[in-house]
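Please take a moment with the sequence and the three-dimensional view before reading on, and keep both at hand while the text moves from the whole chain to single residues.

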Amino acid sequence: MKDIKKEIDKEKVNDVLVLSKKILKILYIVIIIAGIYGLTIINKEWKLTHFILECVKIVAPLFLGLIIAWLFNPMVSKLEKRGIKRGIGATLVYAAFIGILVLVISLIIPMMSDQLNDFVKMIPNVFDSIKNWLEGIFNKMGDGGNVDLVGLKDSVFTKIELYASGLTEGLPTASINLIRALFSGVSTFAVGLIIGFFLLIGFDNFNNILTFLPRKMQKDTKALGDEIDGSLRKFVQGTLILASLIFVVSSIGFWICGLKSPLLFGLFCGITNVIPFVGPYIGGIPAVIVGLSQGPLVGIGVLVVIVIVQFIEGNFLQPIVMSKTMKLHPVTIMLGLLVCGHFWGIVGMIVATPIVATIKIIWNYFDDKYNILSKGENKD
């Protein structure tokens with residue numbers, strides 16, 4: 001009888017332990033949600049986002065230099081393994097990169113400038129085409145019954161004219177701001193290159209930072225850092241390759257269709273393709289609108305090119321190039337896009353996926369190590 005009571009007592013204790021573990025896991029989640037909510041309130045009251053962005057602008061060259069050194073480090077390390085000194089290897093990699101950059105700029109910038117001028121001249125025709133298209137729709141709708149179509153038509157046309165006049169009048173100011181931004185960007189990039197070169201020469205010394213941590217943490221921190229580094233590196237490399245392919249293929253397709261300024265719209269498609277899911281639509285809509293303003297066949301052709309390019313990219317190129325490095329659920333990616341897009345706009349949408357992926361890697365690491373949300377209670 002005593003043995004039976006002891007067994008019953010053990011079962012009760014196990015049930016209590018299992019229940020308390022579940023309660024602790026729920027508390028973990030509640031604490032995380034409360035922490036996020038608290039950070040949101042603090043961010044709103046203290047305007048931390050604005051402060052952080054200002055700090056990022058100040059240290060932008062250093063941040064850019066870190067990214068450049070991080071991207072080029074594998075190539076320099078390979079040269080170092082072949083007996084080439086790190087300083088010489090970094091110089092060779094930089095010389096090759098700058099040479100390719102100068103070649104691409106000298107080829108693309110003149111054509112891009114001409115096509116940008118053509119696009120600016122074409123803006124009035126685009127708005128006229130949109131007005132004619134809308135007018136045809138209103139004429140087909142007749143009197144509209146109880147709906148005041150005449151008032152609606154006048155309101156829509158007035159807004160289009162105001163937007164067109166505002167865009168035309170604001171072009172000189174926008175051009176000046178663009179030139180200023182370009183000069184600022186070029187100077188920041190140049191300083192970033194210089195900083196990146198010196199960081200690249202001593203990039204291996206970054207591992208010495210781990211020595212400031214307790215010995216028990218050094219091994220785990222290095223393993224976690226290597227996992228994040230590998231995942232992000234593959235993502236950045238794959239994203240750059242895909243964006244370049246989209247730019248080239250889209251530009252050729254637009255040129256074949258007869259779209260004006262094909263390089264300009266191809267570049268826009270390549271840049272926006274970095275944003276998952278919504279990027280292709282953001283990049284394709286302006287090209288389709290301008291194509292339709294040139295003629296129905298051009299617009300349909302541009303739409304067909306965008307659909308074909310995105311089909312090939314989504315079903316063939318992306319799986320091959322990216323190799324599912326992020327391993328994120330589409331819903332998770334969309335939530336990341338919404339949150340980061342809300343706080344940081346287009347830039348936030350671009351960096352949303354790597355940020356979410358990094359958070360997931362860190363979370364999985366601590367979950368595996370400390371069994372935070374694991375279902376296997378029998379492990380303890």
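In which helix of the protein is confidence lowest, and in which is it highest? Since this is a predicted model, the question is a sensible place to begin, and the answer is that helix α1 (residues 2–46) has the lowest confidence, with a mean of 69, whereas helix α3 (residues 60–81) has the highest, at 87. Taken over the protein, the average pLDDT is 76, and 77% of the residues score at least 70. One stretch deserves particular care: over residues 375–380 the pLDDT stays under 50, and for these residues the model has 7 contacts beyond four places in sequence.

With that caution in mind, the overall architecture can be described. The protein has 10 helices and 0 strands, and the order of its elements, read from the N terminus, is accordingly α-α-α-α-α-α-α-α-α-α. Of the 380 residues in the protein, 28% are buried. Among the contacts with a separation of 6 or more, 68% join residues that are 24 or more positions apart.

A pair of helices shows how two elements can be arranged side by side. The axes of helix α7 (residues 262–272) and helix α8 (residues 279–294) come within 7 Å of each other and cross at roughly 165°. An angle over 145 degrees counts as roughly antiparallel, and α7 and α8 are therefore roughly antiparallel to each other. The crossing of these two helices, α7 and α8, is right-handed.

Which residues bring α7 and α8 together? On the side of α7 they are Phe-265, Phe-268, Cys-269 and Thr-272, and these meet Gly-279, Pro-280, Ile-282, Gly-283, Gly-284, Pro-286, Ala-287 and Val-290 in α8. Sorted by class, the contact of α7 with α8 is made up of 8 nonpolar and 4 polar residues, with no charged residues.

Just ahead of α7 in the sequence, the loop between α6 (215–257) and α7 holds Ser-261. Ser-261 is not a glycine, and yet its phi is positive, at about 55°. Is Ser-261 buried or exposed? Its relative accessible area is 4%, and because residues under 20% count as buried, Ser-261 is buried.

Another buried residue, Thr-358, lies in helix α10 (residues 330–370). Its relative accessibility is 18%, so Thr-358 counts as buried. Leaving aside residues up to four places away in sequence, Thr-358 touches Ile-228 and Leu-232.

Helix α4 (residues 86–141) offers two further examples, one of which is Asn-125. This residue, Asn-125, is partly exposed, with a relative accessible area of 47%. How far apart are the C-alpha atoms of Asn-125 and Gln-294? Although Asn-125 and Gln-294 stand 169 residues apart along the chain, their C-alpha atoms are separated by 8.5 Å.

The other example in helix α4 is Leu-92, which at 46% relative accessibility counts as partly exposed. Leu-92 and Val-76 are 16 residues apart in sequence, and the distance between them in space, taken from C-alpha to C-alpha, is 8.6 Å.

Key
Residues numbered from 1 in each chain as written. Predicted model: local features only at pLDDT ≥ 70, side-chain atom pairs only at ≥ 80, totals over all residues. Heavy atoms only, no water. Axes fitted to C-alpha atoms, helices over the stretch in contact; angles between N-to-C directions. Helix = DSSP H or I, 4+ residues; strand = E, 2+ residues; numbered from the N terminus. Parallel < 35°, antiparallel > 145°, perpendicular 65-115°, else oblique. Left-handed = near helix turned anticlockwise from the far one by under 90°. Contact = heavy atoms within 4.5 Å. Nonpolar A, V, L, I, M, F, W, Y, C, P; charged D, E, K, R; others polar. pLDDT = per-residue confidence, 0-100. Buried < 20%, exposed > 50% of the residue type's maximum accessible area, 1.4 Å probe, protein only.
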